[in-house]
Amino acid sequence: MIKLIVTDMDGTLLNDQHELHPDFWKIEEELTGKGVLFAIASGRQFYNLEAKFDRIKNRIMFFAENGTFVSYQGKELYVNPIERDSAIGFIEMGRKLDETYLVLCGKNSAYIETRDQEFIDEVSKFYERLEIVDDLTQVDDTILKVTLCNFNGVEDHTFPHFVNYTDRFKVAIAAKIFIDITAHDANKGDAIKGIQKELNISPEETLVFGDYLNDLEMMQVAHHSYAMKNAHPEIKEVSKFITEFDNNENGVLRTIESLGLV
C-alpha cells in the first residue's frame with residue numbers, strides 16, 4: 001500500500017509552461033482522503049512552492065531547495081545548510097566563468113547580484129522571495145545552496161569546473177541551465193529517508209517521480225520509482241519504471257490513476 005507520494009516539479013508534475021494540470025487538485029484531495037501523504041520535492045524555493053500550492057499548503061509536505069529545507073503543516077522539520085566559507089568560495093569561482101549567473105539560496109530569501117533582465121525573468125519562476133544585492137558574499141542568511149545558471153547548458157559549460165568538488169559537496173545538474181551545489185549529504189533522497197523513518201513509512205510504501213539529475217538519490221529511496229518519459233537518461237537508468245506519458249501529457253497524474261490509487 002502506498003503511503004507517501006513524492007514528485008519533482010519542473011519537467012515532472014508541471015508542463016513546460018510551468019503549469020499544474022487542472023486535475024491535480026481533485027486527485028490530491030482523493031489521495032489525502034485515503035490517508036496518502038502527498039509531497040513536493042523540488043530545487044525551487046520553499047516560498048515559491050508554498051505560493052504555488054497555497055490552497056493545500058497545510059496538508060502537503062515540501063522538500064524545498066533539493067531537500068535542504070523540509071516543511072510540513074507550517075512547521076520547519078529539517079534544514080541542512082552549506083558552510084558559509086564554502087558557499088563564498090563557489091560564488092567566487094562562478095564569478096570567473098563566462099556567461100554564468102549566480103543565485104545564493106538562503107533560508108529567508110534568494111539573492112542575486114545582477115540586473116540582467118533575461119536572468120531575472122528566468123529565476124523569478126522559481127524564487128518567490130528574490131533580492132538584488134551588491135555582493136553575494138556579504139549576505140547575512142543561512143545558506144542552503146549555491147545555484148549557477150548558464151543559458152548555453154550547464155552539463156557542458158559549468159559542471160566540468162566543479163567536478164573535482166563532488167567528493168565533498170553535492171553538485172547536481174538540476175536542469176538544462178541550472179546546477180545546484182549543497183552540502184554533501186543534502187539531497188532529496190536523504191531528506192525523504194529522514195521522513196520515512198520519522199513517519200514509519202517504508203520504501204515499499206513510497207512512490208516517487210522525477211526527471212533530472214537532482215532527483216537521482218530520490219529514485220533510490222522508493223521501491224516505486226518512476227522516471228518521466230522525458231527524463232535524463234541517467235534517471236531512467238536508476239529508476240525501476242518509466243512513465244508512459246511525459247510531463248506535457250500529465251504523466252504523473254495519469255500514472256497515479258493507472259496504479260489504481262484514486
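## Two open sheets and the helices packed on them

In this predicted model, eight strands make up an open sheet with mixed pairing, and their order across the sheet is β5-β4-β3-β2-β1-β12-β13-β14. The edges are held by β5 (75–79) and β14 (241–242), and each of these has a single partner strand, so that one side of each is left without a neighbour in the sheet. Helix α7, which covers residues 188–199, packs on this sheet and touches β1, β2, β3 (61–64), β4 (69–72), β5 and β12, while its direction makes about 150° with that of β3.

A convenient place to start is strand β1, residues 4–7, both faces of which are covered: Leu4 and Val6 on one side, and Ile5 and Thr7 on the other, are all buried. On one flank, β1 is joined by four bridges to strand β2 (residues 37–41), and the two run parallel; within this pairing, Thr7 has Ile40 of β2 as its bridge partner. Strand β12 (residues 206–210) is likewise joined to β1 by four bridges, and this pair also runs parallel. Here the register can be read from two positions, since Ile5 stands opposite Leu207 in β12 and Val6 has Val208 as its bridge partner in β12.

Towards the β5 edge, the pairing of β4 with β5 is antiparallel and rests on four bridges, with Tyr72 standing opposite Lys75 in β5. These two strands form a hairpin with two residues between the strands, and in this hairpin Gln73 takes a positive phi near 50°.

The next step is to the helices α2 and α10. Two packed helices are described by the angle between their axes and the distance between the axes. For helix α2 (residues 24–33) and helix α10 (residues 251–258), the axes come within 11 Å and cross at roughly 40°. Since roughly parallel helices would need an angle under 35 degrees and roughly perpendicular ones an angle of 65 to 115, α2 and α10 are therefore oblique to each other. The crossing of α2 and α10 is left-handed. The contact is made by Phe24, Ile27 and Leu31 on the α2 side and by Leu253, Ile256 and Glu257 on the α10 side; these residues divide into five nonpolar, no polar and one charged. An α-helix has 3.6 residues a turn, so residues three or four places apart point the same way.

Each of these two helices also has residues that are enclosed by other parts of the chain. Glu28, whose place is in helix α2, has a relative accessibility of 1% and therefore counts as buried, the cut-off being under 20%. Leaving aside its neighbours within four places in sequence, Glu28 is in contact with Phe38, Ile56, Arg59 and Ile60. In α10, the residues Gly251, Val252, Leu253, Thr255 and Ile256 are buried, and the buried residues of α10 pack against β1, α1 (9–13), α2, β2, β12 and β13 (224–227). Helix α10 thus returns the reader to β1 and β12, both among the strands against which its buried residues pack. Just after α10, Gly260 takes a positive phi of about 75°.

A second sheet remains to be described. Six strands form this open sheet in the order β8-β7-β6-β9-β11-β10, and the pairing is mixed. Its edge strands are β8 (130–132) and β10 (169–175), each of which pairs on one side only, and the twist averages 25° from one strand to the next. At the β10 edge, β10 and strand β11 (residues 178–183) pair in the antiparallel sense over six bridges, and Ala172 stands opposite Asp180 in β11. Helix α4 (residues 84–95) packs on this sheet, touching β6 (101–106), β9 (143–149), β10 and β11, and its direction makes about 165° with that of β6.

Within helix α4 lies Ser86, which at 18% relative accessibility counts as buried, because the cut-off for that class is under 20%. The C-alpha atoms of Ser86 and Leu20, which are 66 residues apart along the chain, are separated by 36 Å.

Conventions:
Residues are numbered from 1 along each chain as its sequence is written. This is a predicted model: local features need pLDDT of at least 70, side-chain atom pairs count only at pLDDT 80 or more; totals for chains, interfaces and linings use all residues. Side-chain values use heavy atoms; hydrogens and water are left out. Two strands pair if DSSP finds at least two bridges between them. Axes are lines fitted to C-alpha atoms, for helices over the stretch in contact, and angles run from 0 to 180 degrees between N-to-C directions. Contact means heavy atoms within 4.5 Å. Buried means under 20% relative accessible area, exposed over 50%, partly exposed in between (1.4 Å probe, protein chains only). Angles under 35 degrees count as roughly parallel, over 145 as roughly antiparallel, 65 to 115 as roughly perpendicular and the rest as oblique. A crossing is left-handed if the near helix is turned anticlockwise from the far one by less than a right angle, and right-handed if clockwise. Ala, Val, Leu, Ile, Met, Phe, Trp, Tyr, Cys and Pro count as nonpolar, Asp, Glu, Lys and Arg as charged, and the others, Gly among them, as polar.
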